[in-house]
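I opened this model to look up its packing, its strand pairing and a few surface positions. My notes follow in the order of the look-ups.

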Amino acid sequence: DPEPRGLGIVYDWAATSNARRALETRRGNCFALASVLVGLGRGVGWPVYYAEARPREPETQQFEEVKALSDHMIVLILAKTVKMYVDFT
């Protein structure tokens, strides 16, 4: 596992959860980590949004005999002086 930084949350592809659970377990995938950032940002009044990011080559994950196609979630911050995206991978 990568060394945790910031809030101490480690990226885990299989850990889909809401923001509260991601903070409790210190693990989350792109959706869970986006939920943490969107919740924190909106809590302080930032214009923060979820956005789907689709790679040119779809990413797949293999689980025994099942292959899963994985979409990806990022966060957009669209303030007057800052326009950026945050990608947790």
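Entry 1, the core. I looked up the largest nonpolar core and found nine residues in all: Cys-30, Ala-34, Leu-37, Val-38, Val-48, Met-73, Val-75, Ile-77 and Val-86. I then asked which elements each supply at least two residues of this core, and got H2 and E6. H2 gives the largest share, four residues. I note here that the model is a predicted one.

Entry 2, a separate core. Apart from the nine-residue core there is another core, of five residues, and I list Ala-22, Ala-32, Leu-33 and Val-36 among them.

Entry 3, Cys-30. I took this member of the largest core and looked up what it touches. Leaving out residues up to four places away in sequence, Cys-30 is in contact with Tyr-11, Asp-71, His-72, Met-73 and Phe-88. Of these contacts, Met-73 is also listed in the largest core.

Entry 4, strand E6. Is E6 enclosed or open? I find that the strand, residues 72-78, is largely enclosed by the rest of the structure, because five of its seven residues are buried; the cut-off for buried is under 20% relative accessible area.

Entry 5, pairing of E6. I looked up the partners of this strand. E3, residues 48-53, pairs with E6 in the antiparallel sense, over six bridges. E7, residues 83-86, also pairs with E6 in the antiparallel sense, over four bridges. E6 and E7 make a hairpin, and four residues lie between the two strands.

Entry 6, Leu-76. I wanted to know which residues stand opposite this one. Tyr-49 is opposite Leu-76 of E6, and in E7 the bridge partner of Leu-76 is Tyr-85.

Entry 7, Gly-39. I placed this residue in helix H2, residues 30-43. Its relative accessible area is 43%, so I record Gly-39 as partly exposed; that class lies between 20% and 50%. I also checked a pair: Gly-39 and Ala-19 are 20 residues apart in sequence, and their C-alpha atoms are 7.4 Å apart in space.

Entry 8, a surface patch. Which residues make the nonpolar surface patch of about 260 Å²? I read off Leu-7, Leu-23 and Leu-40. Leu-23 sits in helix H1, residues 19-25. Leu-23 counts as partly exposed because its relative accessibility is 33%. Residues enter a patch at over 30% relative accessible area.

Key. Residues numbered from 1 in each chain as written. Predicted model: local features only at pLDDT ≥ 70, side-chain atom pairs only at ≥ 80, totals over all residues. Heavy atoms only, no water. Patch = residues over 30% accessible without salt bridge, like charges linked within 9 Å, V, L, I, M, F, W, Y side chains within 5 Å. Areas by Shrake-Rupley, 256 points an atom, 1.4 Å probe, with all protein chains shown as cover. Salt bridge = Lys/Arg side-chain N within 4 Å of Asp/Glu carboxyl O. Buried < 20%, exposed > 50% of the residue type's maximum accessible area, 1.4 Å probe, protein only. Pairing = 2+ DSSP bridges. Core = buried A, V, L, I, M, F, W, Y, C linked by side-chain atoms within 4.5 Å. Contact = heavy atoms within 4.5 Å.
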